[in-house]
Amino acid sequence: MQTEQQELPIKPKAEPLKPAPRSNVPKKKRKGKMKQNMVGWAFVGPIVLFVVAFIYYGIFYNAYNSFFSWDGISFDKVFVGFENYAEMFRDPDFYLSLKNTFIFTILTVTIQAFIGLVLAYFLHTQGPLRTAMKSVFFFPVVLSPVVLGAAFSQIYDFQFGYINEFLRAIGLGSLEQNWLGDPDIALYSVIAINIFQWTGSSMVMYYMAMLTIEKEIFEAAKIDGAGFFRTLWSIVFPNLKGTTFTLSILGVIGGLKTFDLVWITTAGGPGSSTEFISTYLFRKSMLQQEVGFSSAVAIILLTIALLITYFQLRVQKKMDN
Amino acid sequence: MNVESKKSRWMINLVLMLASIVWLFPIFVMFKESLRVNGFENYIATLQNPNFPTFVFNSFFVAFFMIIISITILAFAAFAFSKLEFAGKRLLFNMILAGLMLPVASMIVPLFFTLRSFDGLNNHWGLIGAEVAFFLPFGLMLIKGYFDELPNELMEAAFIDGATILEVFFKVMLPLAKPALATALIYAFLNSWNEYLMVLTFMTDPAYQTVTMAPSFFKDALGGDPGKIYASLVLISLPTMVFYIFFQRFFQKGMTAGAVK
């Protein structure tokens, strides 16, 4: 029944190499330490260089620019203090982009986790075609959002789309929608694509974690007469808290990063109804040349990402204890 | 598990089957649309458009050097962060990992100006540099995690035998880390091949754009002939599909490696 269930080899975590004991002569000791440092720095030099040049320099550049009014082209760069931030907090589109990103994140994280968990549990329980089905559900993860976005645009199309044609065919034509063109629906249509793409990764992670739950626990649940869904809810789910937490964090970060899918399907429209924080940033900086203003938005986005990281580390520490 | 009854077994299989069909449907749509009106002619026409081979070449070129550069940097760095002691190790490591959280969108303006000052706009190497920088944090986490699991004994034995640090790295540790490097390589390829925002921002000239720009390019250039656009979508997905079919286990491994810290 459980062909794939196996004890995962738990290797003791290897300690980093301790410096070899050296002679007591302090001068020599210091020399050895210096050499050790030099070797280490030489190995990590390139990665630090890349990250500093492309990422940390950029953060400071953003912070600096956020205090200026600048179109990114002309030479007149006017210091405006916190005016960019003030303007941002006055802009209804900014709040809308935050709200959309928030709705997107909440819905994708919970639904992907829920469907992923159920699929993983079903696959874990059932033998036949397990590997093949796992591959099918995971497959969209490797596709570009550009490709998926274009394919779904066809499925959502008002006149010739598969969904509306199907609805008409079964006599429910009154339910047809302009899936990407209706401001009230477009956001949820985009969310559905994201769920389609990423549920497979939630499923794989839950599935892998289920393999580490001891068989005895399942046996015990069975003896106690716990039903199928009861076992899922009371035994499996609580044992996978760590995975659920990881998925939530990845989902939140993913939500802040989401750009491609939205840009391909709706480009933030109709109106601003599917504007995300990332598309808002792109529009302001690259299309409307409000470089100073967009830098302020970038700093807010970075702050949110930082707060989430801080929160994650706190919770993880608590969970480890 | 409590699925003694044939009925619930049957139900589960039914649900799984239906879910599989739903999951395959968009892929099916893509293939079906790509054959619309002209059948395989759509593929031939797409391939014969002089711009298409350029997109594909650019993508392979960028992905190839992006992989070479990032894997080289990562192998050295992951080994050092895992197995060596040096001043500032923790700080530097956390500094790099913080990059995991960073949305590319928040960095396009600074990147744009950085690349411009190096003449990196509409230049393969500019894009490669930016892609490498944004892949490094994830790659480091992936490979360092693997090095952490490798025991120190082999390395210590080699040191006692008088091997230098480079010999230990190249002859002892690197061969052991192959699976992690392979997983990182696959993710690097996937990231590079599917990169959209950076190409959109930094490569305004179609001569330098990669495959993710092909659909919108064809939408404008071919007057929106859907069959050809879908053919181009299938074609640009082929390399990732092939990669996925052959290296599936690495993909799924990388997924969970990213989760366990």
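Me: How far apart do the end C-alpha atoms of residues 168-190 of chain B lie?

Reply: This is a predicted model, where local features need a pLDDT (the predictor's confidence in each residue, from 0 to 100) of at least 70, side-chain atom pairs count only at pLDDT 80 or more, and totals for chains, interfaces and linings use all residues. Residues are numbered from 1 along each chain as its sequence is written, while chains are lettered from A and ligands numbered from 1 in the order in which they are written. The span you ask about is 96% helix and 0% strand (helices are DSSP runs of H or I of at least four residues, strands are runs of E of at least two, and both are numbered from the N terminus). Its end C-alpha atoms are separated by 31 Å.

Me: What does UniProt call residues 229-247 of chain B?

Reply: In the model, this span is 100% helix and 0% strand, with its end C-alpha atoms 28 Å apart. The unreviewed UniProt entry lists it along with other spans, including 168-190; positions follow the numbering used here, feature names are shortened, and annotations may be inferred rather than shown by experiment. The name in that entry is "transmembrane region".

Me: How many helices does chain B have?

Reply: Every element in its run from the N terminus is α, and the strand count is zero. The C-alpha trace spans about 70 × 70 × 30 Å along its principal axes. The helix count is 12.

Me: What is the handedness of the crossing between helix 4 of chain A and helix 1 of chain B?

Reply: These helices pack with axes 9 Å apart, at an angle of about 40° (axes are lines fitted to C-alpha atoms, for helices over the stretch in contact, and angles run from 0 to 180 degrees between N-to-C directions). A:M133, A:V136 and A:F137 meet B:L16, B:S20, B:W23 and B:L24 there. A crossing is left-handed if the near helix is turned anticlockwise from the far one by less than a right angle, and right-handed if clockwise. This one is left-handed.

Me: Which word describes how helix 4 and helix 7 of chain A lie to each other?

Reply: Their axes come within 7 Å and cross at roughly 140°. Angles under 35 degrees count as roughly parallel, over 145 as roughly antiparallel, 65 to 115 as roughly perpendicular and the rest as oblique. The two helices are therefore oblique.

Me: Which helix gives the most to the side of chain A that touches chain B?

Reply: In total, 80 residues of chain A are in contact with 78 residues of chain B (contact means C-beta atoms, placed from the backbone, within 7 Å). With 18 residues, the leading contributor spans residues 26-65 and is helix 1.

Me: Where in chain A does pLDDT stay under 50?

Reply: Chain A averages 85, and 90% of its residues score at least 70. Where pLDDT is low, the predicted coordinates should not be read in detail. The stretch under 50 is residues 1-12.

Key
Two residues are in contact if their C-beta atoms, placed from the backbone, lie within 7 Å.
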